[in-house]
Amino acid sequence: MSIAHSAFESESVSFTDLSRNPKAVAAKAAALGRLRVTHRDAPDMVLTTAIYAERAEENLTTASRLFLALLKQDDGAESLSLALPEVFPWVRHLDAEEVREFTVELLEALSDAAELGAREAVHRAIVSWRATARINADPDQLGEALRPLGDVDLGPVEVHE
């Protein structure tokens, strides 16, 4: 599930178009701000202008900082918790502590994406917590997840620091 790319899905060119007529494709990208370049044998790419990319970074940083500031306010934290089900309907399968943990982890991941360029952190937080909600929603899966392992030896654990 991707919620981040829906605004520009309709405008794209093929990689062949880019290689055959780079000036026209570059002009189209400049006019639109960004343009998806599809590739049959590789992941799609996005061709964008520097100013468009800089504004996107600025927007992410501003939103991230705003949400982190809200989280530090009692009313703001409560508002974020109340708004979360609008964005992620599956949070109804998380208990109150899990919702709080998800909110903090998501906002920290947004901060990491904005401040450090660690974009995968946001995706990882959402996917991980959605998986937790999915298990919580299914009594059989939840029972299996909570079942003691007994005498099962899973071997040594490596800790990387």
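## The main nonpolar core

In this predicted model, the largest nonpolar core holds 19 residues. The members that touch the most other members are Phe-88, Trp-90, Val-91, Leu-94, Phe-102, Leu-106 and Val-122. Three elements give two or more residues to this core: helix H4 (74-87), helix H5 and helix H6 (120-137). H5 supplies the largest share, seven residues.

Val-122 is one of the core members listed above. Setting aside neighbours within four places in sequence, Val-122 is in contact with Leu-106, Ala-109, Leu-110 and Ala-113. An α-helix has 3.6 residues a turn, so residues three or four places apart point the same way.

## A second core

Apart from the main core there is a second, separate one of five residues. Among them are Val-13, Val-25, Ala-29 and Val-37. Val-13 and Val-37 are also bridge partners, with Val-37 placed in strand E2.

## Thr-103 in helix H5

Thr-103 belongs to helix H5, which covers residues 96-116. Its relative accessibility is 5%, and the cut-off for buried is under 20%, so Thr-103 counts as buried. A polar atom of the Thr-103 side chain lies 2.8 Å from the backbone oxygen of Val-99.

Beyond its neighbours within four places in sequence, Thr-103 is in contact with three leucines: Leu-71, Leu-80 and Leu-84. Of these, Leu-71 is in H3 and Leu-80 is in H4, and both take part in the meeting of those two helices.

## Helices H3 and H4

Two packed helices are described by the angle between their axes and the distance between the axes. For helix H3 (residues 50-71) and H4, the axes come within 6 Å and cross at roughly 115 degrees. The range from 65 to 115 degrees counts as roughly perpendicular, and H3 and H4 are therefore described in that way.

On the H3 side, the residues that meet H4 are Phe-67, Leu-70 and Leu-71. On the H4 side they are Gly-76, Ala-77 and Leu-80.

## The sheet

Strands of a sheet pair through backbone hydrogen bonds, either parallel or antiparallel. Here three strands form an open sheet in the order E1-E2-E3, and the pairing is mixed. Strand E1 (12-14) and strand E3 (45-48) are the edge strands, each pairing on one side only. From one strand to the next, the twist averages 35 degrees.

E1 and strand E2 (residues 34-38) run parallel and are joined by three bridges. In this pair, Ser-12 stands opposite Arg-36 of E2, and Val-13 is partnered with Val-37. E2 and E3 pair in the antiparallel sense over four bridges, and they form a hairpin with six residues between them. Across this pair, Arg-36 has Val-46 of E3 as its bridge partner, while Leu-35 stands opposite Leu-47. Arg-36 thus appears in both pairings, with Ser-12 and with Val-46.

## Helix H2 and Leu-47

Helix H2 (residues 22-32) lies across E1, E2 and E3 and runs at about 135 degrees to E2. Leu-47 lies in strand E3. Is Leu-47 buried or partly exposed? At 30% relative accessibility, Leu-47 counts as partly exposed.

Not counting residues up to four places away in sequence, Leu-47 touches Leu-18, Val-25, Ala-26, Ala-29, Gly-33, Arg-34, Leu-35 and Val-37. Val-25, Ala-29 and Val-37 in that list are also members of the second core. Leu-47 and Pro-85 are 38 residues apart along the chain, and their C-alpha atoms are separated by 34 Å.

## Helix H7

Helix H7 (residues 139-146) is hardly covered. How many of its eight residues are buried? The count is zero. The N-terminal end of H7 is capped by Asp-138, with a side-chain oxygen 2.9 Å from the backbone nitrogen of Asp-140.

Notes:
Residues numbered from 1 in each chain as written. Predicted model: local features only at pLDDT ≥ 70, side-chain atom pairs only at ≥ 80, totals over all residues. Heavy atoms only, no water. Pairing = 2+ DSSP bridges. Axes fitted to C-alpha atoms, helices over the stretch in contact; angles between N-to-C directions. Contact = heavy atoms within 4.5 Å. Buried < 20%, exposed > 50% of the residue type's maximum accessible area, 1.4 Å probe, protein only. Polar contact = N/O pair within 3.5 Å; in protein donor to acceptor, adjacent residues only side chain to side chain. Core = buried A, V, L, I, M, F, W, Y, C linked by side-chain atoms within 4.5 Å. Parallel < 35°, antiparallel > 145°, perpendicular 65-115°, else oblique.
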